[in-house]
Amino acid sequence: MTARIDPERGGYAFANRFVDVLVRLPNGATVRTAGRCGGMTFSVLDHRAAGRDVPSWPAALFAPGHVPPEGHLVADHLRARQLDSFRSVSALRFLTWCVLPDDDRGPLAGVRTRTRRALPGVLRALAEGRPVPLGMVVARNVLRAGDNHQVVATGFARSASGAVTLTLLDPNTPHREVTLVEAPDGWRASNGRLWRGFFPHTYVPRAAPALPSASRRPSARVRPGAPLRLAHVATGRLLVVEDGRPALRASGATTWRPTVEVPDGPLRDGSVVRLVADGTRPAAPDALVLDAGSPTLAPGPSAPDTEPGTGAADGWRVVVDGGGAWREESRVRLVHTPTGALLAGAGTALGATFTPDASTWWTAAAP
């Protein structure tokens, strides 16, 4: 039986490596969550309900952190949904089940019994095609409650003996399904985790926001003159033209054509291009330039390797992370050839800097 979600398009491309402090106690100790598993779980369900893929942001784009940084549209969305995942009565079980024994003690039902009681309802929902968010319990005291976890159950199968195998989307294991089976000492997941038990977690749907996505064609090479959408890696925003000026926005239809004087095949590390904005001026479309250190647009065709100066003669040298071909999966820096400044962003502001830091990475965005 299945309420399957495609792990490639319905799940996030990075593993859950966020670190969030849930509660800071008077003695200074903290209760931390195991990342933003609840936010990722709820977001997956939001996107499924909307019939949309989750935005694709591969972990390699965020090296060395491997997750979207604070201020990134996706990171902010997942933090908000993480907090939503704790705003329900069922969320109290993440705390109360920590202090329960595994086995029953007199009239007190232990975690194993409570899990078995919850299982028929989970299977019934899956049989009806409804995925089920599960609260996975591993902690044995409240201070370790952040080690508990959230996943989406998407299907199940029964063996000839009646044993149940659940299929999960686990935020800790991107782009593949995880199975869960009962073992003598708990519930064993195929990604190596042993859980004391689990419960169906209350999910309140919200409209999935229209979040930009990095390209879903990682191996495609960027070619001269071919339209390209550009996304700022640190914020997840798109490089667009708004009111006649370049800007960073959460949405927009602007495409850029990296043009060269004499096309000689796909672009690569070290290529010098002009970034021409589609749809601005039919006769002489605008190109991205720097004016007194600020990104702006200037009209008129000009080769990128002409004598350095201002306005339309400005070109951009492409620096590919790791070198080699410029592919849609690549992180790139764009270096202004006349000045050596790097195109950068912070929040919604577009700028330039001479420091090659996280604010200067760009990548191809999905159409």
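Here is a short walk through this structure, from two of its helices to its cores and then to a few loops. Keep in mind that the model is predicted.

Let us start with helix α2, which covers residues 73–85. Its 13 residues should span 18 Å at 1.5 Å a residue, and the end C-alpha atoms are indeed 18 Å apart, so expectation and model agree. Several residues of α2 are buried, including Leu73, Val74, Ala75 and Leu78, and the buried set also includes His77, Arg81, Gln82, Asp84 and Ser85.

What does α2 meet? One partner is helix α1, which runs over residues 37–50. The axes of these two helices come within 7 Å and cross at roughly 100°. Angles of 65 to 115 degrees count as roughly perpendicular, and α1 and α2 are therefore roughly perpendicular to each other. On the α1 side, the residues in contact are Cys37, Gly38, Gly39, Met40, Phe42, Ser43, Asp46 and His47; on the α2 side, they are His77, Leu78, Arg81, Gln82, Asp84 and Ser85. The loop between the two helices holds Pro64, and the peptide bond leading into Pro64 from Ala63 is cis, with omega near 5°.

Now pause at Thr41, another residue of α1. Is Thr41 buried or exposed? Its relative accessibility is 1%, and because buried means under 20%, Thr41 counts as buried. Leaving aside residues up to four places away in sequence, Thr41 touches Pro133, Gln150, Val151, Val152 and Pro171. With Gln150 there is also a polar link: a polar atom of the Thr41 side chain lies 3.3 Å from the backbone oxygen of Gln150.

Next, the cores. In soluble globular proteins, nonpolar side chains tend to be buried together. Here the largest nonpolar core has 28 residues, and those with the most contacts inside it are Tyr12, Phe14, Phe18, Trp57, Val74 and Leu78. The elements giving two or more residues to this core are α1, α2 and β11, and α2 gives the most, with 4 residues. A second, separate core has 24 residues, among them Ala277, Leu288, Trp326 and Leu343.

Finally, look at two loop residues. Asp243 sits between β11 and β12, and Ala292 sits between β15 and β16. Phi is near 55° for Asp243, a positive value in a residue other than glycine, and phi of Ala292 is also near 55°. Asp243 has 78% relative accessibility and therefore counts as exposed, while Ala292 is exposed with a relative accessible area of 80%.

Definitions and conventions. Residues numbered from 1 in each chain as written. Predicted model: local features only at pLDDT ≥ 70, side-chain atom pairs only at ≥ 80, totals over all residues. Heavy atoms only, no water. Buried < 20%, exposed > 50% of the residue type's maximum accessible area, 1.4 Å probe, protein only. Polar contact = N/O pair within 3.5 Å; in protein donor to acceptor, adjacent residues only side chain to side chain. Contact = heavy atoms within 4.5 Å. Core = buried A, V, L, I, M, F, W, Y, C linked by side-chain atoms within 4.5 Å. Expected span 1.5 Å × (residues − 1). Axes fitted to C-alpha atoms, helices over the stretch in contact; angles between N-to-C directions. Parallel < 35°, antiparallel > 145°, perpendicular 65-115°, else oblique.
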